[in-house]
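Here are some comments on the model you sent, set out as numbered points. They begin with the contact between the two chains and then turn to one chain by itself.

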Amino acid sequence: MEFIRSVIALYAERWQWFLGLLGDHVRLALTAIIISGLLGLLIGVWISDRPKLAPAVIGVCNVLYTIPAISLLGILIPFFGIGNRTAVTALVIYGMMPMVRNTYTGIVNVDPDIIEAAVGMGSTKRQLLTRIKLPMALSVILAGLRSMVVMTISVGGIASFIGAGGLGVAIYRGITIYNPAMTFAGSLLIALTAIVADLLLGTAEKRYRKKRRMK
Amino acid sequence: MAEAVIRFDHVNKAYGDTAVLRDFCLEVPEGECLTMIGRSGCGKTTALKLVNGLLTPDSGSVYVRGQDVSATDRIALRRSIGYVIQSTGLFPHMTVGKNIAYTPSLSRMWDRETERLEVACLLKTVGLEPELAGRYPSELSGGQRQRVGIARALAARPSIMLMDEPFGSVDEITRRSLQDELRSLRDELGLTVLFVTHDIGEAFRLGDRVLVMESGRISQLDTPERIAAAPADDFIRELIEDRK
Ligand SMILES: Nc1ncnc2c1ncn2[C@@H]1O[C@H](COP(=O)(O)OP(=O)(O)OP(=O)(O)O)[C@@H](O)[C@H]1O
Ligand SMILES: [Mg+2]
């Protein structure tokens with residue numbers, strides 16, 4: 001109880017500081033989300049009609065995904081130095097896996113009869129991709145995007161250990177000055193941001209499915 | 001008789017080691033409705049897919065309007081041939097209207113207003129209410145879906161229709177009315193039709209000629225009357241007897 005009161009007091013007292021950190025955090029996460037979203041989508045599409053290459057690419061993404069965040073950041077420092085650039089790079093590397101895997105799975109699982117109908121009716125390769133494959137894979141791709149967004153926002157919390165901005169700064173400062181309330185306050189905001197993002201994307205997905213009368 | 005609209009010239013086609021079509025020769029004159037019947041797996045679907053270039057012959061050639069399919073612009077060829085697949089293959093993420101307008105939209109043939117009018121007209125042609133245009137395929141019955149499949153194949157005003165068991169999953173009465181509609185459409189539009197079916201009654205009712213297939217070869221090709229009078233093999237004889 002005492003602890004919660006001190007967290008609330010901290011928010012009340014330093015709300016501007018927290019707001020600034022929140023802004024930095026969102027900016028950092030959003031940069032990584034946009035890059036890994038686009039890159040992951042492109043790679044997923046690219047391997048979707050290269051069945052020989054696909055398992056290798058997805059395997060690499062899986063391996064990258066299992067590297068502990070702290071050590072990935074450590075490995076990147078010699079190449080990119082410390083700061084936001086390294087943090088974004090690490091987040092993009094993590095974000096690859098859910099995006100590539102879901103884009104690939106979504107596309108290769110489109111009903112082959114549907115593809116055949118579309119080709120038989122005279123679609124070019126590009127028209128087949130943009131009008132049939134991608135829209136039909138969209139809900140699987142959106143599910144990948146959702147888990148990638150949530151992960152990026154929460155892993156973004158440790159980016160400040162290598163000098164990047166964001167709510168991790170509050171966590172890190174709380175640890176160094178023995179102020180658990182501050183660490184908690186930062187973590188709570190990260191969790192809330194992730195939940196809000198997840199809800200927003202979930203609503204978008206539901207709306208899409210409803211519009212297309214999909215179950 | 002003028003040059004055949006569809007011509008198979010000594011076509012061989014195999015999947016791996018299994019031959020599916022063997023030295024297949026066939027000429028379909030303009031305006032004919034040719035029905036194809038034969039055991040499951042005898043190569044009917046394969047023959048249709050050679051016409052719109054979804055498959056290529058291992059040897060021999062297929063000609064459509066005198067053009068060798070493997071040497072022509074296949075995208076353009078496919079847009080000029082109506083194709084109704086065995087499982088209807090409607091696009092689940094598009095409305096009925098967008099499904100029907102699919103081929104014309106690939107070459108931006110219709111503006112929005114034209115699309116609305118054409119879709120309504122095509123729906124009427126296949127005996128459906130124009131109001132269905134806004135629905136999604138999952139909201140239709142099996143028979144309605146098959147009608148939409150036909151409307152979609154007709155949209156780009158093809159002169160050739162390839163129909164692979166288009167009336168597979170509907171009851172007998174719906175099937176009859178779809179057959180009647182197809183026949184009057186064919187007369188009205190002068191379509192050349194290749195029509196695959198498992199139903200001998202349907203093959204006889206719709207076909208100007210009936211092609212009986214047996215493991216990749218033509219075992220009989222004649223008018224319904226003559227096939228009924230003198231069936232060339234046991235398969236067709238059994239089918240005819242079953243019907244009685
Ligand atoms: N992609 C493929 N790979 C290998 N074999 C195939 C392939 N497609 C078809 N076949 C085989 O080729 C043969 C002919 O197939 P096809 O689809 O033309 O038969 P069909 O006459 O249309 O049969 P049905 O009446 O059941 O639709 C079958 O034995 C089938 O197993
Ligand atoms: Mg078939």
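**Notes on the interface and on chain A**

1. Across the interface of chain B and chain A, nine residue pairs are found in polar contact, with both residues of each pair at pLDDT 80 or more. Please keep in mind throughout that this is a predicted model.

2. As for where chain B makes this contact, helix 2 (74–79) and helix 4 (102–106) of chain B each supply at least two residues of the side that touches chain A. Helix 4 of chain B provides the largest share of that side, namely four residues.

3. The residues on the side of chain B that touches chain A are of mixed character, dividing into eleven nonpolar, seven polar and five charged.

4. How many salt bridges are counted between chain B and chain A? The count is one, and the partners are Lys49(B) and Glu116(A), whose closest N and O atoms lie 3.1 Å apart.

5. Turning to the extent of the interface, 23 residues of chain B are in contact with 19 residues of chain A. The size of an interface is often given as the accessible area lost when the parts come together. By that reckoning chain B and chain A bury about 2,100 Å² between them, and 58% of this area is on carbon and sulfur atoms. Within the part that chain B buries against chain A, His93(B), Tyr102(B) and Tyr136(B) supply 28%, which is more than any other three residues.

6. Chain A, considered by itself, has nine helices and zero strands, so that a reader following the chain from the N terminus meets the order α-α-α-α-α-α-α-α-α. The C-alpha trace of chain A spans about 70 × 40 × 25 Å along its principal axes.

7. Which residues make the nonpolar surface patch of about 890 Å²? The patch is made by Met1(A), Phe3(A), Ile4(A), Ile8(A), Phe184(A), Leu188(A), Leu192(A), Ile195(A) and Leu199(A).

8. In terms of helices, helix 1 (2–13) and helix 9 (180–211) of chain A each supply at least two residues of this nonpolar patch. Helix 9 of chain A gives the most, with five residues, while Ile8(A), one of the patch residues, has its place in helix 1 of chain A.

Conventions:
Residues numbered from 1 in each chain as written. Chains lettered and ligands numbered in written order. Predicted model: local features only at pLDDT ≥ 70, side-chain atom pairs only at ≥ 80, totals over all residues. Heavy atoms only, no water. Contact = heavy atoms within 4.5 Å. Buried area = accessible area lost by both parts, 1.4 Å probe. Salt bridge = Lys/Arg side-chain N within 4 Å of Asp/Glu carboxyl O. Polar contact = N/O pair within 3.5 Å; in protein donor to acceptor, adjacent residues only side chain to side chain. Nonpolar A, V, L, I, M, F, W, Y, C, P; charged D, E, K, R; others polar. Patch = residues over 30% accessible without salt bridge, like charges linked within 9 Å, V, L, I, M, F, W, Y side chains within 5 Å. Areas by Shrake-Rupley, 256 points an atom, 1.4 Å probe, with all protein chains shown as cover.
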